[in-house]
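Visitor: Hello! I am new to this structure and would love a close look at a single part. Could you pick one strand, walk me through its surroundings, and then point out a few side chains elsewhere?

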Amino acid sequence: MTHAVEPVAYDVVVIGAGPVGENVADRARAAGLSAAIVESELIGGECSYWACMPSKALLRPVVARADARRVPGLADAVQGPLDTAAVLAHRDAYASHWKDDGQVSWLEGIGADVYRGHGRLTGTKAVTVTGPDGAEQRLTARHAVAVCTGSRAVVPELPGIDGARPWTSREATSAKEVPGRLVVVGGGVVGVEMATVWGALGARITLLIRGEGLLPRMEPFAGELVAEALTEAGADIRTGVSVTSVRRAAPDGPVTVELDNGENVEADEILFATGRAPRTEDLGLETVGLEPGSWLTVDDSCRVEGTPWLYAVGDVNHRALLTHQGKYQARIAGAAIAARAQGVPLLETDRWGAHAATADHAAVPQVVFTDPEAASVGLTLAEAERAGHRVRAVDHDLAAVAGSGLYADGYRGRARMIVDLDREILLGVTFVGPGIGELLHSATVAVAAEVPVDRLWHAVPAYPTISEIWLRLLETYRG
């Protein structure tokens, strides 16, 4: 190992160059601050290579074919199988073939200095980067260090797990071949999206769910409609079961999954989509009085509680584990870092202020790109009631608008809005149905802007679009 050179000082040092870290660096540079960004893997992070981009590239042909099969005059032309090689090539292109040259060029273009290697805190405002060759570089921050290292998939400790070579989300989005049989453990977003993809490409899917249904963080009807469609597509969905052990007798042989009800399931691959853990286990948190491997608790400006200089942005703060939400936090944190560096005496940390990530609490949007799509923003009915709001859930059949019928024969879907009866605003909205992902932002605007229901009455949806569901929901509410 070579000796460390003298420390290099920056206004802001960012650890982790995924979309979140990139945006923190960008906001710092836009404010005139110098910025260094450290990354141990590919610049661009999980989203670019093993999550959002490859998964949605895989899903798009699947959903497009499903939609086309419900359109008269087109359905007969798309009854054949998907071109698996073309689908995987499309995925590879959107994952940039797992090369990060373009992302590096972008960071260099904004004037951020990129350091390749593993970054660790070594004290107050101090980071040491150990490069691929073992050489060390010390960095210091005049104003802030931002931890943007994201999260990793959790694989449960089960008998036989090491030899079973299970898939996580990374293997599921980057696999080069379609398994004949795939067991998916977990019914959250990763589980249902990957079941949709690989089932459509020819794998026989078994979904193992410990709870009662799919997509447990959404309204119950979302998981029910997605489960119905997956079952019709040939998936075997088993609820109320847990995996007790896995074994793969031969390296190239099948994996046997033992369940707590005594049954065994055999498959070619097994995907564990059972949660995430923060990537903070080897970050030097102990040098600044924090616990290695822990989620980092932050205030609404994403500053770690108890420290005036350390920020945790994105998945590591456990507020909303979504790329778009992490990038939103990065914009808020970047603005706060700049304001504090410039000596602004009073930050706008009030609700919906420029330095408060209020949407993390009140207006988190998410789309699940299954067939049908499921999309939600804000609170579910159960969440609103638990929070003590006096609310009413307003439901409507999404198939009962002209736009849905034109979109697809046999359209099935449902919409719900949660109305705060005391303030007459929306606290949450959920849509489930084909083609509704692009409908969600209208709901996000309504929830984040706290638009009064009486004003929404004057937002006229174009006819004949699926957006006319807004009119039907409001008519139902007004009676």
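Guide: Here is a short walk that begins at one strand and then visits some rings and cysteines. Please keep in mind that this is a predicted model.

Let us begin with strand E9, which spans residues 204-209. This strand is mostly covered, with five of its six residues buried. Strand E8 (residues 181-185) is joined to E9 by five bridges, and the two strands run parallel. To find one of these contacts by eye, look for Val 183, whose bridge partner in E9 is Thr 206. How does the chain get from E8 to E9? The path leads through helix H8 (residues 189-200), and this β-α-β crossover is right-handed.

Now turn to the pairing of E9 with strand E10 (residues 236-239): four bridges join them, and they too run parallel. Here you can look for Leu 208, which has Arg 238 of E10 as its bridge partner. Together with helix H9 (residues 220-232), E9 and E10 form a right-handed β-α-β unit. As background for looking at any strand, side chains in a regular strand alternate between the two faces of the sheet.

Next come the aromatic rings. The model has five aromatic pairs. One of them brings together Phe 431 and Trp 470: their ring centres are 6.0 Å apart and their planes stand at 80 degrees, over the 60 degrees required, so the pair counts as edge-to-face. This pair links distant parts of the chain, with Phe 431 in strand E21 (residues 425-433) and Trp 470 in helix H16 (residues 469-478), 39 residues apart. Both Phe 431 and Trp 470 are buried.

Some rings have an arginine over the face. Arg 170 lies over the face of Trp 50, at 3.6 Å from the ring centre. Likewise, Arg 478 sits over the face of Trp 457, at 3.9 Å from the ring centre.

Our last stop is the cysteines. A disulfide is a covalent bond between the sulfur atoms of two cysteines. How many disulfides does the model contain? The count is zero. Take Cys 148 as an example: the nearest cysteine sulfur belongs to Cys 302 and is 8.9 Å away, whereas a disulfide needs the sulfur atoms within 2.5 Å, so Cys 148 is in no disulfide. Is Cys 148 buried or exposed? Its relative accessibility is 7%, which is under the 20% limit, so Cys 148 counts as buried. Cys 52, with a relative accessible area of 24%, is partly exposed because this value falls between 20% and 50%.

Key: Residues are numbered from 1 along each chain as its sequence is written. This is a predicted model: local features need pLDDT of at least 70, side-chain atom pairs count only at pLDDT 80 or more; totals for chains, interfaces and linings use all residues. Side-chain values use heavy atoms; hydrogens and water are left out. Rings of Phe, Tyr and Trp (its six-membered ring) pair if their centres lie within 6.5 Å; planes under 30 degrees apart count as stacked, over 60 as edge-to-face and the rest as tilted. Buried means under 20% relative accessible area, exposed over 50%, partly exposed in between (1.4 Å probe, protein chains only). A charge sits over a ring if NZ of Lys or CZ of Arg is within 6 Å of the ring centre and within 35 degrees of the ring normal. Two strands pair if DSSP finds at least two bridges between them. A crossover is right-handed if, with the strands pointing away from the viewer, the path from the first strand over the helix to the second runs clockwise.
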